[in-house]
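Reader: I have a set of questions on helix packing, strand pairing and backbone geometry. Can we take them in turn, with the structure in view?

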Amino acid sequence: MSADRFSTVLGAIAPGISTPAPVVLIDVVRDNIARMQAFADAHGKQLRPHVKTHKSVRLGRLQLDAGAVGLTAGNLSEAEIFAADGCPDIFLAYPIWAVGSKAERLRALTERTTLSVGVESTAAVDALVDAMGDAAARLGVVVEVDCGAGRSGVAPPDAGALAAHAAARGLRPLGIFTYPGHGGTVGAREGAAADQTRALRTAVASFVAEGIPVSVVSAGSTPTAEFCTDPVITEIRPGEYVFNDHDNVRLGDCLPEQIGLFVATTVVSDQGHAHVIVDAGTKALAREGTPDRGFGNVPSFDGVLAKLNEYHGFLALPPGGRRPEVGEPVPIVPNHVCPVVNSFEELIIVDRAGAIVDRWPVDAQGQLN
Ligand SMILES: Cc1ncc(COP(=O)(O)O)c(C=O)c1O
């Protein structure tokens with residue numbers, strides 16, 4: 001999408017919206033969904049999109065209708081909301097600590113949908129066994145391995161032993177997952193994906209050594225998705241691809257015209273500085289960026305939001321460029337779209353002609369546990 005396209009759309013819809021607001025270019029989003037599904041199909045992988053990007057049951061349904069095998073959730077609330085909407089198969093890709101009310105909710109959720117959860121410690125496996133009681137066999141567990149991100153996950157050679165422990169306690173070990181989070185910087189995508197393949201192969205071997213069958217080998221992120229083609233991988237879990245953002249363009253995993261969401265803002269102050277103020281600060285855009293890179297991309301002014309306060313965005317004006325007027329609508333492309341969507345209660349859905357066709361709730365907005 002060219003800069004002009006964002007501005008043209010916003011120019012047409014601005015009278016009908018209250019800024020700041022996230023505007024979804026639904027045709028771009030449909031193309032993004034279809035393209036990732038086609039990639040997965042072409043390489044014989046199942047697609048299980050992560051819902052943390054859109055948190056919208058309508059968008060989850062579009063992904064399932066396009067052929068996704070199920071959805072990935074980041075916490076129990078997200079899993080509950082998508083299960084309540086009828087999603088038949090959910091993977092909670094997180095080392096959930098299932099005690100107290102979470103234990104009850106988890107057990108109840110396994111009655112509503114086919115549920116699997118991430119595990120990466122014997123303590124968490126034991127807590128899951130206690131949570132599930134006599135229904136332990138209803139819960140699938142997928143062992144998380146660390147492929148280099150240094151976040152959660154056991155060392156790959158240890159995956160089989162943890163799966164064996166889960167099986168001995170009555171849970172159903174399904175396989176392995178990993179998240180190549182170290183592929184999120186410029187130039188790092190391919191290397192992180194290679195680390196991921198190596199880690200998954202090692203983990204599969206450790207399952208085999210324990211005599212435990214592996215049906216799921218789950219990989220990926222949006223930046224590394226295109227490199228998730230190794231035969232060991234059965235499933236990919238990208239999230240951001242549904243909208244894409246400025247970071248995805250910077251990393252090289254999407255084109256500017258594949259960005260399907262921008263934040264509509266309005267210039268609210270011009271006091272003659274080298275910047276004007278727009279009505280989106282950290283409450284809308286989160287604190288995604290650095291002073292060097294800026295906190296949001298402003299294609300129509302060839303610039304960035306140089307600084308954010310909670311409700312104020314400082315739009316740096318290029319020297320000699322046009323100065324927007326107070327009241328002028330300005331589209332902002334988020335650096336990282338996921339926390340931006342989570343800031344809002346609804347998405348404004350716009351079609352190819354630039355008309356508002358619907359408003360969809362961000363169903364799992366702010367759901368943190
Ligand atoms: C466990 C897990 N899987 C999948 C994803 C999706 O990756 P992306 O947001 O880059 O598409 C994430 C992102 O944080 C994740 O943490």
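Reader: In which hand does H5 pass H6?

Author: This is a predicted model. Helix H5 spans residues 101–112, and its axis comes within 8 Å of the axis of H6. H5 passes H6 in a crossing that is right-handed.

Reader: How is H5 oriented to H6, parallel or perpendicular?

Author: The axes of H5 and H6 cross at roughly 70 degrees. Angles of 65 to 115 degrees count as roughly perpendicular. That makes the orientation of H5 to H6 roughly perpendicular.

Reader: Which residues of H6 meet H5, and how many residues of the contact are nonpolar?

Author: H5 brings Ala-103, Leu-106, Arg-107 and Thr-110. They meet Leu-128, Ala-131 and Met-132 in H6. By class, the contact of H5 with H6 has one charged residue, one polar and, for the nonpolar class, five.

Reader: How does H6 lie to H7, parallel or perpendicular?

Author: H6 covers residues 122–132 and H7 covers residues 159–168. Their axes come within 10 Å and cross at roughly 20 degrees. Angles under 35 degrees count as roughly parallel. So H6 lies to H7 roughly parallel.

Reader: Which residues of H7 make the contact with H6, and what classes are present?

Author: H6 passes H7 in a right-handed crossing. Thr-122, Val-125 and Asp-126 of H6 make the contact with Leu-162, His-165 and Ala-166 of H7. The residues of this contact of H6 with H7 divide into three nonpolar, two polar and one charged.

Reader: Which strands does H7 lie across, and at what angle does H7 run to S6?

Author: H7 lies across S5, S6 and S7, the last being residues 172–177. The direction of H7 relative to S6 is about 160 degrees.

Reader: Which residue of S6 stands opposite Gly-118?

Author: S5 holds residues 114–119 and S6 holds residues 140–144. The two strands run parallel, joined by four bridges. Opposite Gly-118 in S6 stands Val-142.

Reader: Which strands stand at the edges of the open sheet?

Author: Eight strands form the open sheet, with parallel pairing. Their order is S2-S9-S8-S7-S6-S5-S4-S3. Each edge strand has a single partner strand, so one side of each is left without a neighbour in the sheet; the edges are S2 (46–47) and S3 (71–73).

Reader: How does H2 lie to H3, parallel or oblique?

Author: The axis of H2, residues 26–42, comes within 9 Å of the axis of H3. They cross at roughly 40 degrees. The cut-off for roughly parallel is under 35 degrees. H2 therefore lies to H3 oblique.

Reader: Which residues of H3 make the contact with H2, and how many are nonpolar in that contact?

Author: The crossing of H2 past H3 is right-handed. From H2 come Ile-26, Val-29, Arg-30, Ile-33 and Gln-37; from H3 come Leu-59, Leu-62 and Gln-63. By class, the contact of H2 with H3 has one charged residue, two polar and, as nonpolar, five.

Reader: What annotation covers residues 260–351?

Author: The span is 10% helix and 37% strand. The C-alpha atoms at its ends lie 11 Å apart. The unreviewed UniProt entry annotates residues 260–351 as "domain: D-serine dehydratase-like".

Reader: Which residues in S14 are the bridge partners of His-275 and Val-278?

Author: S11, residues 275–278, runs antiparallel to S14, residues 313–316. Four bridges join S11 and S14. The bridge partner of His-275 is Ala-316, and that of Val-278 is Gly-313.

Reader: Which residue in S14 stands opposite Leu-305, and how many residues lie between S13 and S14?

Author: S13, residues 303–308, pairs with S14 in the antiparallel sense over three bridges. Leu-305 stands opposite Leu-315 in S14. S13 and S14 form a hairpin, and the residues between them number four.

Reader: Which residue takes a positive phi in the hairpin of S10 and S11?

Author: S10, residues 261–269, runs antiparallel to S11 with two bridges. Ser-269 stands opposite Ile-277 in S11. Five residues lie between the strands of the hairpin, and the residue with a positive phi, near 80 degrees, is Gly-272.

Reader: Where is Lys-55, and what is its phi?

Author: Lys-55 is in the loop between S2 and H3, where H3 is residues 57–65. Lys-55 is a residue other than glycine, yet its phi is positive, near 50 degrees.

Reader: Which residues does a cis peptide bond join?

Author: The loop between H1 (3–13) and S1 (21–25) holds Pro-20. Omega is about 0 degrees for the cis peptide bond, which joins Thr-19 and Pro-20.

Methods:
Residues numbered from 1 in each chain as written. Predicted model: local features only at pLDDT ≥ 70, side-chain atom pairs only at ≥ 80, totals over all residues. Heavy atoms only, no water. Axes fitted to C-alpha atoms, helices over the stretch in contact; angles between N-to-C directions. Parallel < 35°, antiparallel > 145°, perpendicular 65-115°, else oblique. Left-handed = near helix turned anticlockwise from the far one by under 90°. Contact = heavy atoms within 4.5 Å. Nonpolar A, V, L, I, M, F, W, Y, C, P; charged D, E, K, R; others polar. Pairing = 2+ DSSP bridges. UniProt positions renumbered as here; feature names shortened; annotations may be inferred.
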